Amino acid sequence: MADLAHEYAEARRKGALVDLCGRAKWRLTISHWTGTTRHPFAAFYIDRHTPCVDKNQNGKSRLNMRQPIRTIAIDIDDTLNNFTEILHGTNFTHNETYPFPPALFNEYLAMLRKESADEATLRSREFSFLRQTINGECYIRAVARPDAVEFVQSLRADGWRIVICTHRDLRRAQAPTRQWLNDNDIPFDYLFIAVDKLAFCKDWGIEYLIDDHLYSIRFADEYGVNVFYPIMPKHEKSETRLAKGFRSFNEVRQWIPN
Amino acid sequence: MDPKLELLKAFYDGLPKDRAKVETLDHGFEYLEKMLTDGMTLEYGERVLLRKVYKYKFSNIPPWKIEELLLAHVQKSCNVCLYFADKSNNLFGFNLDNRHDIKGAATSPEMEFAVSLLRDILTNTGCTPLVVASGKGYHLWCRLAAPVANEQLYQFMLRAMAKTLYALHQKGMDHNQINPRFYPDPRVQDKISLRLFGSVHPNTGAFSRVLMPEGLLDEEASWSAFEQHLRLNTISEETFTDACKAMAPADGYGIT
């Protein structure tokens, strides 16, 4: 016990346990050092820089500095792929099984492309059906950006935790989303639906978000999240203190820790 | 075992327990690490907009963990939602939600009329439903003694709902005020989950109370009504077969 306390104090003195800023807490459970499975006094909640205690070769406990797990949240549509290009460039045609006539199909498709549907239309069953159908097809057809794939793979190789964070309705689109990510060799740890991705990142203590959405860019500073976005025409004059645009995913490397 | 937990397990004995959706205020990687043990996996998570509520769809849930989750559900520290079985189920239900721009459950006369009518239609065929206030409408649940093919359940519910909306229309009420859905729906079998009885509003802690013809019951009386429903209103195979026949006479939808 004295050895352990000494090592803990030493580690703390060296600054390993600083930055207790109230974000996601990592539970440290010290076990086995007394021969019991868990010691009642040996649970500490330490922010991010989590030392772990294990036995060394001669069975004596020692403290190791575990590297904090770096986490990034990444959007899919128009970030990892060319969703909008597919939505606008594909010739979608009316199908006889659709529960509305071709004229309404064309009208709704135009609204979907322009994002101009009013609230009542957005909530109508017909429009919801069309949106699910067309978006579902775009999810499959969308092409992954090669630089994005390479970037995410390199993050994984460097031990980053990767959270895919999307507006997609994963209740219905989970299978094609997983399939697309797997087909394109894009590694990830978790899939999340978040309409407000900044709030999600803040809740989970995620410091880095890659997302094309204007809301994420505009309010990055307010939430204290570093947002990186692939520059598109809609992003003109969008840059803020914490939001940075990029042409190639390689540029993002300079803004995140190695 | 907690009697409420025992009751919950008995009522939902036909639903698969290896996957579930959990609604909770808990979040963070520590929470996930704690949950994802013994082969349990997260299919996806969701942050609900404007409320700090998280929903997690878990699969490969080991038996001890679902027991733990159900206990947490009756203790009101999370809501557990289960998914229907792929081919047949011994449970079916109607969700009658207010139209999106109407707030609250009791404000729409169309809703009150529709719930009362649907309750009567089902009860008259021997399928007495348990009616629960959901916050934005009502849920009506019927429990069967033995599983029935999902397609047959769907056809039965479709006819019951058609009768209800038609009666609403005949009464001069706007059926568009109500957004009806019914489950299990073979089209969205593995996508829609059922929030178990005893759930609470994640933010306000408000309990989902049972609605009897005389009015809403309080929490304890709701649990008693739930217990009584399981004991007295579970529908036998024979009764359901007769109910199907009564619901679908020669005119197809039985609208008269």
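Student: Where in chain B is P184(B) found?

Tutor: In this predicted model, P184(B) sits in the loop between β8 (178–183) and β9 (193–195) of chain B.

Student: What kind of peptide bond joins Y183(B) and P184(B)?

Tutor: A cis bond, with omega of about 5°. Most peptide bonds are trans.

Student: Why is D78(A) called buried or exposed?

Tutor: Buried means under 20% relative accessible area. D78(A) has 12% relative accessibility, so D78(A) counts as buried. D78(A) lies in the loop between β5 and α2 (83–89) of chain A, and has a positive phi of about 70° although it is not a glycine.

Student: And why is D185(A) called buried or exposed?

Tutor: Exposed means over 50%. The value for D185(A) is 52%, so D185(A) counts as exposed. D185(A) belongs to the loop between α7 and β7 of chain A; its phi is also positive, about 55°, and it is not a glycine. Most residues other than glycine have a negative phi.

Student: Why is strand β6 of chain A said to be largely enclosed by the rest of the structure?

Tutor: Because 6 of the 6 residues of β6(A), residues 161–166, are buried. R161(A), V163(A) and C165(A) point one way, while I162(A), I164(A) and T166(A) point the other way.

Student: What makes β6(A) and β7(A) a pair of strands?

Tutor: Pairing needs at least two bridges. Between β6(A) and β7 (residues 190–194) of chain A there are 4, and the two strands run parallel. T166(A), for instance, stands opposite I193(A) in β7(A). The chain gets from β6(A) to β7(A) through helix α7 (residues 170–183), in a right-handed β-α-β crossover.

Note on methods: Residues numbered from 1 in each chain as written. Chains lettered and ligands numbered in written order. Predicted model: local features only at pLDDT ≥ 70, side-chain atom pairs only at ≥ 80, totals over all residues. Heavy atoms only, no water. Buried < 20%, exposed > 50% of the residue type's maximum accessible area, 1.4 Å probe, protein only. Right-handed = clockwise from strand over helix to strand, strands pointing away.
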